[in-house]
Amino acid sequence: MRAYERFLNYAKISTASQEGTGRTPTTARQLDLALLLAEELRALGVADARVDAYGYVYGSLPATPGCEGAPALGWIAHMDTVPDFPGENVRPMLHPDYDGGDVALPQNGCVLRTEDFPFLKTLRGQTLITADGSTLLGADDKAGIAEIVTACERLLHSGAAHGAVKIAFTPDEEVGLGTAHFDVAGFGAQYAYTMDGGAAGSISYENFNAASAVFEVTGVSVHPGMAKDTMVNALKLCCEIDGMLPAAETPEHTEGREGFFHMHSLSGGVAAARMEYIVRDHDRASFERRKETLENVRRAVAEKYPAARVALTVRDSYYNMLEKIKPCMHLIDNAKLACEQAGVPWELEATRGGTDGAQLSYKGLPCPNLGTGGYNCHGPYECITAEGMDKAVEIILNIVALYANAREDTEQ
């Protein structure tokens, strides 16, 4: 079975995670996919495939004879989709022999335009896969799951030499909890890769340092007819706070390694209001300065409006994996070589986000990220190609082969 065929089945299962539930997984619906995957892996011959008490799927392929000394290599993808865009009733659409032009989706007037997404022209002649415009597609990250399962099937049926292969599918990555209960020791891998988005051939071992920031503003609410010199409008204070942050340092004005402040939620009224931000920067020192900026803004507004209360809570989410990957750059060198062997140009990408691999790297499991062939995640323009997924599978298999005869203490 080709990876895209598996993906079409997985995409139809709703798996959106949700913040603030206090459960793991955060939504029960993720277990629907977890149980299906464990059963599918067992049917393929992954005898120890299982779902643990937290909804993580684990499995492994023992090393083939003669490769027992090779490092155990992990492959990881996440099952959930984002909570803030519809992920139910996904209807994948195939566009065979795609002509490289604009694609009109049948719902909500959505059109994939090459003017907006120039990469589409490079996919000409392939089988493009989209949703119908009313939901996301779920290639982030069900494509990664499909590619890992397909690679395992090929290894099991081909008899190719390989070291121990470890498999894990995680819940709740999209709400920052994908590794909260990940059993690194039990997983048993010395190194790992996440398969989590990006063009086939993309290799990421840098990501944002990340934090969440919440302003809670308590104003003074009185009747507007008697408000002179008394009312302090919490909503207007929120606008003032946002206006004190650098206007050019937002997601819509930054790229590459440029960091940002991103207000993604504003709620409340005159009496009380709440603003939620995410803070991102590749450079650790700059990241720390951004958090200081937020506190300086809070202090300035609190001093200006003594009758109001302005509280700020900042929590670090994850850090740049770069420093944890530097001691084992063979992971990157072998990924480059695997792409070349597959005839796919590799591209080093500083991820403007995070993956489970970033947190796992800080838990002792060096874990860069590889592209699945997916584009435009988290919205109705998400797409992928069947051929891109085939190449991602080939890259996985090439990496496994490159490590088959390596020493377990490799310093390649």
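This report describes a sheet, a cavity and three single residues in a predicted model.

## The sheet

The model contains an open sheet of 8 strands with mixed pairing, and the strand order is 1-2-8-3-9-16-10-15. Strand 1 (50–51) and strand 15 (347–351) stand at the edges; each has a single partner strand, so one side of each is left without a neighbour in the sheet.

## Strand 8 and its partners

Strand 8 covers residues 165–170. In the order of the sheet, strand 8 stands between strand 2 and strand 3. With strand 2 (residues 57–61) the pairing is antiparallel and runs over 5 bridges. One of the residue pairs here is Leu-61 with Val-165 of strand 8. With strand 3 (residues 73–78) strand 8 runs parallel, and 6 bridges join the two. Gly-74 has Lys-166 as its bridge partner in strand 8, while His-78 has Thr-170.

Strand 8 is mostly covered, with 6 of its 6 residues buried. In a regular strand the side chains alternate between the two faces of the sheet. For strand 8, one side holds Val-165, Ile-167 and Phe-169, the other holds Lys-166, Ala-168 and Thr-170, and both faces are covered.

## The cavity

Rolling a probe the size of a water molecule over the atoms shows where empty space is left. The count here is 1 cavity of 30 Å³ or more. The volume of the largest cavity is about 30 Å³.

Its lining consists of Ala-70, Pro-71, Leu-73, Gly-163, Ala-164, Val-165, Val-400, Tyr-403 and Ala-404. By class, 8 of the lining residues are nonpolar and 1 is polar, with no charged residues. Val-165 belongs to this lining and is also among the buried residues of strand 8.

## Ser-204 in strand 10

Ser-204 lies in strand 10, which spans residues 202–207. In the order of the sheet, strand 10 stands between strand 16 and strand 15. With a relative accessible area of 1%, Ser-204 falls under the 20% cut-off and therefore counts as buried.

The side chain of Ser-204 reaches the backbone oxygen of Glu-349 at 3.2 Å. Glu-349 is also on the list of residues that Ser-204 touches beyond four places in sequence, together with Met-321, Thr-351, Pro-368 and Asn-369.

## Ile-241 in helix 5

Ile-241 is part of helix 5. Its relative accessible area is 0%, so Ile-241 is buried. Leaving out residues up to four places away in sequence, Ile-241 touches Phe-215, Val-217, Met-275, Val-297, Val-301 and Val-310.

Ile-241 and Leu-44 are 197 residues apart in sequence, and their C-alpha atoms are 55 Å apart in space.

## Thr-254 in a loop

Thr-254 sits in the loop between helix 5 (234–243) and strand 12 (260–268). Although placed in a loop, Thr-254 counts as buried because its relative accessibility is 13%, below the cut-off of 20%.

Two polar contacts involve the side chain of Thr-254. In one, the side chain of Thr-254 reaches the backbone oxygen of Thr-250 at 3.0 Å. In the other, the side chains of Thr-254 and Arg-352 are joined at 2.8 Å. Arg-352 also appears among the contacts of Thr-254 outside its neighbours within four places in sequence, along with Ala-248, Glu-249, Gly-259 and Phe-260.

Technical notes: Residues numbered from 1 in each chain as written. Predicted model: local features only at pLDDT ≥ 70, side-chain atom pairs only at ≥ 80, totals over all residues. Heavy atoms only, no water. Helix = DSSP H or I, 4+ residues; strand = E, 2+ residues; numbered from the N terminus. Buried < 20%, exposed > 50% of the residue type's maximum accessible area, 1.4 Å probe, protein only. Polar contact = N/O pair within 3.5 Å; in protein donor to acceptor, adjacent residues only side chain to side chain. Contact = heavy atoms within 4.5 Å. 1 Å grid on protein atoms, 1.4 Å probe; cavity = no way out; pocket = protein on both sides within 12 Å on 5 of 7 lines; lining within 4 Å. Points joined across faces, edges and corners; volume = space filled by probe spheres on them. Nonpolar A, V, L, I, M, F, W, Y, C, P; charged D, E, K, R; others polar. Pairing = 2+ DSSP bridges.
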